[in-house]
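Please read this report alongside the sequence and the coordinates. It deals with how two chains meet and with some local features of the backbone and side chains.

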2 protein chains.
Amino acid sequence: MKRYFRSSCLVFLLCWLVLVSAAAAAERDFVVQGDIVYTPACGEAKILPQGYLVVKEGKVQGTYAELPAAYADLKKQDCRGQLIMPGFCDLHVHAAQYRQIGLGMDESLLTWLEKYTFPEEQKFSDPAYAERVYEDFAAELAKCGTTRAAVYGTIHRQSAEILAQKLAKRGLGAYVGKVNMDRNAPDYLCETSEASLAETEQFVHAPVWTDLVRPILTPRFAPSVTPKLLQDLGDLARRENLPVQTHLSENKGEIQWVAELFPTIRDYPQVYAHYGLYGTTPTLMAHCIHMDAAQIRDLVSHGVYPVFCPESNLNLTSGIMPVRRFLTAGAKVALGSDVGAGHDLFMPHVIVRAIQVSKVRAMEQPEEKALTLPEAFYLATKGGGSFFGKVGSFELGYDADLLIVRTPAALADRSVMERWQYFIYHGTPEDITARYVAGRYVR
Amino acid sequence: MKRYFRSSCLVFLLCWLVLVSAAAAAERDFVVQGDIVYTPACGEAKILPQGYLVVKEGKVQGTYAELPAAYADLKKQDCRGQLIMPGFCDLHVHAAQYRQIGLGMDESLLTWLEKYTFPEEQKFSDPAYAERVYEDFAAELAKCGTTRAAVYGTIHRQSAEILAQKLAKRGLGAYVGKVNMDRNAPDYLCETSEASLAETEQFVHAPVWTDLVRPILTPRFAPSVTPKLLQDLGDLARRENLPVQTHLSENKGEIQWVAELFPTIRDYPQVYAHYGLYGTTPTLMAHCIHMDAAQIRDLVSHGVYPVFCPESNLNLTSGIMPVRRFLTAGAKVALGSDVGAGHDLFMPHVIVRAIQVSKVRAMEQPEEKALTLPEAFYLATKGGGSFFGKVGSFELGYDADLLIVRTPAALADRSVMERWQYFIYHGTPEDITARYVAGRYVR
């Protein structure tokens, strides 16, 4: 009897699991009709007016001018007159600097760090503060149509775990990092090397991770991490196959400082390479402004992603990133808001700034052609999205990360291409009427 | 009896006029309490937390930490917790390009003009189109907190008059220009010299002008106006004491073209000077990017306003305006959105872009220090405002052009200075809860 009861329970449980997952899958099966825009390749805008985007189990099945009969039974959303585009990917953003957006932008980098950034980051030693700020951060990220992000927390493990939970709760996709700093930081933000490593190991095994929200190793940058800890983090990355994010070649003073701190290593990128943090596992390097042709080739051969953060580079007078050189060399360039040195989470603003900054470069170096909108949009979708897998496009098998975007009535007669341009240059988060990540509606 | 009746009528009429103007004046008498920020000098931010701004007959009486007893009876508005700042002045904006915002920004200047700007401007030959677009333009200008603007229409007199009426109806202050083009323009936008002058004379005497909305002569730029018409417009400006707005030294190809068109005149600025259009009457010159030290000194000695349009300069790859050189030389620099080459009417975005562009300049020329926020804000308020008289500041006798601006609750504990920075860098038009021009509420 007891045995019978036990096996009945098991059968029931299995049935229930099958039903629940079928329901969950069905929730992620739908067709949406509207003006589809995406960039399957850098610089190539694919436009399908009043097209159908078919999603099954959260993945794109395809885009069609006519809905194939096989999908006739799927739940259909009528978004005609609205744009359907991939969600944005922000590959460099400091969640803990969310509250300091726009503050102290007249200050020099060092004053800005000391007066605003470090005191603000210190507040995240209090998990209650993290609860409040990260709740708002995740909400604004979602509102802005950013569906995937590579996010920095602070050195505080518990708060960084809260950050991961807040992003997961919103249904966003993200890599989340607990920052490492065991030297050259204010006392109140400086860890011991041992504690930093131990906390990081605990962090990457915390019970907060989901399919969409994953941990990433985050040494702040070479000057604030000892060689010993860099080595330990490199070992950890390799051992557990963990991705890595940090900063590289943002300004000339920093490069000089790194040369002094690591006198036996050839250059700044090689410091990370030396410790196994330069493409051994998937790697994001924010900024990469001051790099020569050989360094760019080397970055490409390591498969490292340079993350172009134009708003931040302007605000901090860091320099003009030669984005065309990276693209020509075959680099997997991504875009980042770099909030709080950047002052805006809304990626269309970052796309426009990327184009503008590339135009500044083109003024002086006409052979380095400025980015076009279909190029910069690609960087903010499929380019950065590739760090997360098949993300940021509407080809077969891509995660269904998408935005529905309305156009003002006065522009309803414009072409899809023009309405897309209008949204990127003049749109606001309020124009986004719906967001999906991997086929799930973002609330 | 008849005579008695007539004088009674006159007395009645006079009483009525006195009463009405007293009521109108009273409407413009008030005190508003809140966190006051303004820039009485370039780079000097004056901050008065929970201060009182006193307005009588639409003019600022003063700002006070405590409300003087003499003003105790004035109607009081409690805006504590909100910022009170001067309205923005946009000294270069093409209202007729409002519908092309953000379109074709990947194109070269010439293609952009031919594909977007000229066909769009042509539509304003139809006053009904002007009615619709200028209604929306004026509404968005007001929403964005721009209280004063120097605005270009098209060559079409009737539509330009509609533009003036729409701005007046909103209660905004503006100079409005009917554009002159009698050569080097598409046939459908090219006037005869005689018609262009006659229409302009009719325009400046049209029954549409008010205290706040006034006409301005607007030859498009030297290449599209014949020497004869430039001369006639210069004479008209002098004869009727009319201000002038046009474009100067925006890009190198244009400068070369002007040299070819006016081979006997020394340089581009001198072309305008030659025809009495360079400071003979108050003059706005948009862009002024490629000018040497002697030209800058000459511009200053003519009292001409250079209008810095950073967003447009980036979008059209025009160049980096050396704003610090102009300021050091004592020029009266103003800011302009330059919509539609600029893609945004919201002046805080233009302020930030001005700072960013000046940082680009500082990267290469460290002696040309970047603009600070209190400098760029001054340019967008009192700097440009001075073109309209005592406008853009809160000193005694200034027109009471002001904005009330809310701060997100999460930042309520920040200093006034920080909340001001936050609004400029991260705010939106929705944060502006009220606007006044010369003491009148803008609806």
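The paragraphs below take up the symmetry, the interface, the salt bridges and a few local details in turn.

## Symmetry of the two chains

The model is a predicted one, and every value in this report should be read with that in mind. Chain A can be laid on chain B by a turn of 180 degrees with a shift of 0.0 Å along the axis, and the RMSD of that superposition is 0.0 Å. That is the relation of a two-fold axis. Among the residues of chain A, the one that comes closest to the rotation axis is Val360(A), whose C-alpha lies 4.1 Å from it. Because 100% of the interface residues of chain A are also interface residues in chain B, the copies meet through the same surface.

## The interface

On each side the contact involves an equal count, with 41 residues of chain A in contact with 41 residues of chain B. Between them the two chains bury about 3,400 Å², and 55% of this area is on carbon and sulfur atoms. Met363(A), Tyr425(A) and His426(A) supply 17% of the area that chain A buries against chain B, which is more than any other three residues.

Polar contacts also cross this boundary, since the rule finds 22 residue pairs in polar contact across the interface of chain A and chain B, with both residues at pLDDT 80 or more. Several helices of chain A each supply at least two residues of the side that touches chain B, namely H2 (109–122), H3 (127–143), H10 (310–315), H12 (347–364), H13 (373–385) and H14 (416–426). Helix H12(A) gives the most to that side of chain A, with seven residues. By class, the residues of the side of chain A that touches chain B divide into 16 nonpolar, 13 polar and 12 charged.

## Salt bridges

Side chains of opposite charge can pair when their charged atoms come close. The structure holds 58 salt bridges over all chains, and the rule finds four of them across the interface of chain A and chain B. The table lists some pairs with their N to O distances.

| Residue | Partner | N to O distance |
|---|---|---|
| Arg414(B) | Glu120(A) | 3.4 Å |
| Glu311(B) | Arg353(A) | 4.0 Å |
| Lys143(B) | Glu430(B) | 3.2 Å |

The salt bridge of Arg414(B) and Glu120(A) joins two chains, because Arg414(B) lies in the loop between strand E15 (402–405) and helix H14 (416–426) of chain B and Glu120(A) lies in helix H2 of chain A. Arg414(B) counts as buried at 15% relative accessibility, and Glu120(A) is buried with a relative accessible area of 4%.

The salt bridge of Glu311(B) with Arg353(A) likewise crosses between chains, from helix H10 (residues 310–315) of chain B to helix H12 of chain A. Glu311(B) is buried, with a relative accessible area of 1%, and Arg353(A) is buried too, with a relative accessible area of 3%.

The salt bridge of Lys143(B) with Glu430(B) links distant parts of the chain, 287 residues apart, with Lys143(B) in helix H3 (residues 127–143) of chain B and Glu430(B) in the loop between H14 and strand E16 (432–437) of chain B. Lys143(B) is partly exposed, with a relative accessible area of 40%, and Glu430(B) counts as partly exposed at 40% relative accessibility.

In chain A, Glu131(A), Glu135(A), Lys166(A), Lys169(A) and Arg170(A) are linked in a network of salt bridges.

## A buried glutamate in a loop

Glu368(A) has its place in the loop between H12 and H13 of chain A, where the residue is buried, with a relative accessible area of 5%. The side chains of Glu368(A) and Arg325(A) are joined by a polar contact of 2.7 Å. Leaving aside neighbours within four places in sequence, Glu368(A) is in contact with Pro322(A), Arg324(A), Arg325(A), Arg361(A) and Ala362(A).

## Backbone details

A cis peptide bond joins Val339(A) and Gly340(A), with omega about 0 degrees, and Gly340(A) is found in the loop between strand E14 (334–335) and H12 of chain A. In chain B, a cis peptide bond joins Val339(B) and Gly340(B), with omega about 5 degrees.

Two residues of chain B that are not glycine have positive phi values. Ser249(B) has a phi near 50 degrees and sits in the loop between strand E11 (244–248) and helix H7 (252–261), buried at a relative accessible area of 1%. His287(B) has a phi of about 90 degrees, is found in strand E12 (residues 283–287), and counts as buried at 0% relative accessibility.

Methods. Residues numbered from 1 in each chain as written. Chains lettered and ligands numbered in written order. Predicted model: local features only at pLDDT ≥ 70, side-chain atom pairs only at ≥ 80, totals over all residues. Heavy atoms only, no water. Contact = heavy atoms within 4.5 Å. Buried area = accessible area lost by both parts, 1.4 Å probe. Salt bridge = Lys/Arg side-chain N within 4 Å of Asp/Glu carboxyl O. Polar contact = N/O pair within 3.5 Å; in protein donor to acceptor, adjacent residues only side chain to side chain. Helix = DSSP H or I, 4+ residues; strand = E, 2+ residues; numbered from the N terminus. Nonpolar A, V, L, I, M, F, W, Y, C, P; charged D, E, K, R; others polar. Least-squares fit on C-alpha atoms with pLDDT ≥ 70 in both. Buried < 20%, exposed > 50% of the residue type's maximum accessible area, 1.4 Å probe, protein only.
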